[in-house]
Amino acid sequence: MGNLISEALSMGWMAIAILVGLLIYFQVSISDPVAKKRATFKTLIGIVAAFLMFIAIANYANNFYGENRLLPVSLVMITATTFMMALYFTNLSALLKIGGFMFFVAAFLSGYGNWLPQVEGGFPPKEEKLDFSSMSAQQLADEGEKIIFGGIGQNKVQGAIGKGQCPLCHAFHAGMLGERAPNLLGLPERAGKERLEDPKYSKGNASKRDYAEKESFPGAGTAENGQEYIAESHACPSCYVVAGYGVKGTNDKESPMPKIHKPPISLSLPELAAVDTWLYVREGRDAPSFEDITKSYEKFIPEADRPKMSDDKPAAASALMADGSEPVDQIFAKAQCVSCHTIPGIPGATGTIGPKLEEGTNAPLRIKDKEYKGTAKSTPEYIMESVIDPSAYVVKPFPDNTMPKVFGQKLSAGALKKIVDYLSQVKAGSPPPKIS
């Protein structure tokens with residue numbers, strides 16, 4: 001506050017000095033006591049209003065590029081000042097009230113904009129051409145960590161998520177249990193020694209499988225070694241489902257995991273090779289060669305289904321899942337909401353890991369629940385809160401900490417607004433809103 005006052009005085013000392021000069025002038029030049037009192041009072045009001053105005057301007061200037069959300073405070077102060085001056089300067093009352101109303105509207109819009117989670121802009125990362133095939137195992141593993149977690153060294157950072165979106169469902173460290181997918185620690189060894197030997201896997205005879213899919217594509221067959229199992233599990237997650245991790249109600253015959261070579265994730269074969277290499281290298285194991293890993297994926301992904309690398313750009317740590325330009329159904333898909341929730345009107349959104357999202361009906365009831373500890377006062381506020389801070393209210397019987405707490409950073413303000421707008425209109429027993 002001291003800094004604001006100092007800045008306000010340095011910025012507006014001349015205007016305040018003029019008003020003080022007028023105050024002295026009125027004391028000397030006006031002989032009528034009543035007129036002198038009125039002029040003195042109005043001048044004092046002008047000095048206070050000018051001082052508040054310059055404090056508001058200083059606050060606005062200090063916070064315009066900052067991360068906090070105090071810009072509306074400045075506008076509210078200016079609004080209050082203009083209306084206060086309008087009471088005592090009747091000849092300028094209409095003009096001051098119009099100005100005050102304009103600042104009030106600006107404060108409202110600014111407050112709403114600052115209420116939405118902010119996504120910091122900046123220059124795009126420098127583009128690089130990557131040749132995965134010529135990298136060493138460590139370089140390839142580093143690229144894999146970027147794809148999984150968004151950056152080198154990010155695997156130990158809670159909430160770190162890269163293009164591959166793997167941490168949305170999987171855990172990667174000892175002692176961590178995933179509600180939606182197995183812990184991937186030890187996968188390279190487990191793949192060949194446990195998974196392939198499981199009778200339910202039906203190694204060498206895909207036709208005997210009792211799962212939602214028998215093969216990645218007709219004639220693909222089954223994996224013959226651990227690396228092929230990893231490739232098959234990425235390309236066809238429902239060809240074999242680890243017990244306890246299937247979609248609820250399917251008796252573990254269908255996996256909630258998307259095929260990560262297809263939209264919205266769409267990892268290319270070189271990117272998948274980088275991901276797999278990291279799984280080996282981070283455990284101190286020798287990874288298969290880039291060529292061998294690529295061949296394992298070629299066995300389970302037909303050439304026509306193999307996505308190309310996106311301009312050979314590395315996966316950026318700050319990459320958004322959705323920037324808000326997409327239709328809302330694509331935003332739900334990119335954020336993997338469809339894997340965990342049933343969302344009326346959204347194709348493929350039949351998940352049962354989380355509650356059904358009929359928030360137009362649910363939100364008002366949950367806000368009134370005596371166990372609700374959040375701060376939302378309306379349906380849109382509740383939806384925004386539940387996306388950004390899922391633990392503020394946990395719907396029974398679903399466990400806490402199942403939903404990731406990263407969507408405030410991984411979805412733009414525009415994408416979040418589309419989610420909020422859509423879910424606010426979804427009501428039990430009513431037709432779902434149109435996708436836009």
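User: Before we look at this predicted model, what makes a helix crossing left-handed or right-handed?
Analyst: Look at the near helix and how it is turned from the far one. Anticlockwise by less than a right angle is left-handed, and if the turn is clockwise, the crossing is right-handed.

User: OK, so what is the handedness of the crossing of α7 and α9?
Analyst: The helices in question are α7, residues 226-235, and α9, residues 290-298, and their axes come within 8 Å. A clockwise turn of the near helix is the one that counts here, and the crossing of α7 and α9 is right-handed.

User: Are α7 and α9 oblique or roughly parallel to each other?
Analyst: Their axes cross at roughly 50°. Roughly parallel needs an angle under 35 degrees, and roughly perpendicular runs from 65 to 115. The crossing therefore falls in the remaining class, and α7 and α9 are oblique.

User: Which residues of α9 make the contact with α7, and how does the contact divide by class?
Analyst: On the α7 side you have Gln227, Glu228, Ile230, Ala231 and His234. Facing them from α9 are Ile293, Ser296 and Tyr297. By class, the residues of this contact come out as 4 nonpolar, 3 polar and 1 charged.

User: How do α6 and α7 lie to each other?
Analyst: Helix α6 covers residues 187-195, and its axis comes within 8 Å of the α7 axis. The two cross at roughly 100°, and 65 to 115 is the range that counts as roughly perpendicular. So α6 and α7 are roughly perpendicular.

User: Which residues of α7 take part in the contact with α6?
Analyst: α6 brings Leu187, Pro188, Ala191, Gly192 and Arg195. The class split for this contact is 5 nonpolar, 2 polar and 1 charged. The α7 residues are Gly226, Tyr229 and Ile230.

User: Which helix gives the most to the largest nonpolar core?
Analyst: That core has 42 residues, and Phe132, Phe172, Tyr229 and Tyr297 touch the most other members. At least two residues each come from α5 (137-149), α6, α7, α8 (269-281) and α9. The top contribution is 8 residues, and it comes from α8.

User: How many residues are in the second, separate core?
Analyst: Its members include Met321, Ile343, Ile383 and Val395. The count for this core is 33 residues.

User: Is His261 buried or exposed?
Analyst: His261 sits in the loop between α7 and α8. Beyond its neighbours within four places in sequence, its contacts include His234, Leu272 and Asp305. Buried means under 20% relative accessible area. His261 has 5% relative accessibility, so it counts as buried.

Terms used: Residues are numbered from 1 along each chain as its sequence is written. This is a predicted model: local features need pLDDT of at least 70, side-chain atom pairs count only at pLDDT 80 or more; totals for chains, interfaces and linings use all residues. Side-chain values use heavy atoms; hydrogens and water are left out. Axes are lines fitted to C-alpha atoms, for helices over the stretch in contact, and angles run from 0 to 180 degrees between N-to-C directions. Helices (H or I, at least four residues) and strands (E, at least two) are DSSP runs, numbered from the N terminus. Angles under 35 degrees count as roughly parallel, over 145 as roughly antiparallel, 65 to 115 as roughly perpendicular and the rest as oblique. Contact means heavy atoms within 4.5 Å. Ala, Val, Leu, Ile, Met, Phe, Trp, Tyr, Cys and Pro count as nonpolar, Asp, Glu, Lys and Arg as charged, and the others, Gly among them, as polar. A nonpolar core is a set of buried Ala, Val, Leu, Ile, Met, Phe, Trp, Tyr and Cys residues joined through side-chain atoms within 4.5 Å. Buried means under 20% relative accessible area, exposed over 50%, partly exposed in between (1.4 Å probe, protein chains only).
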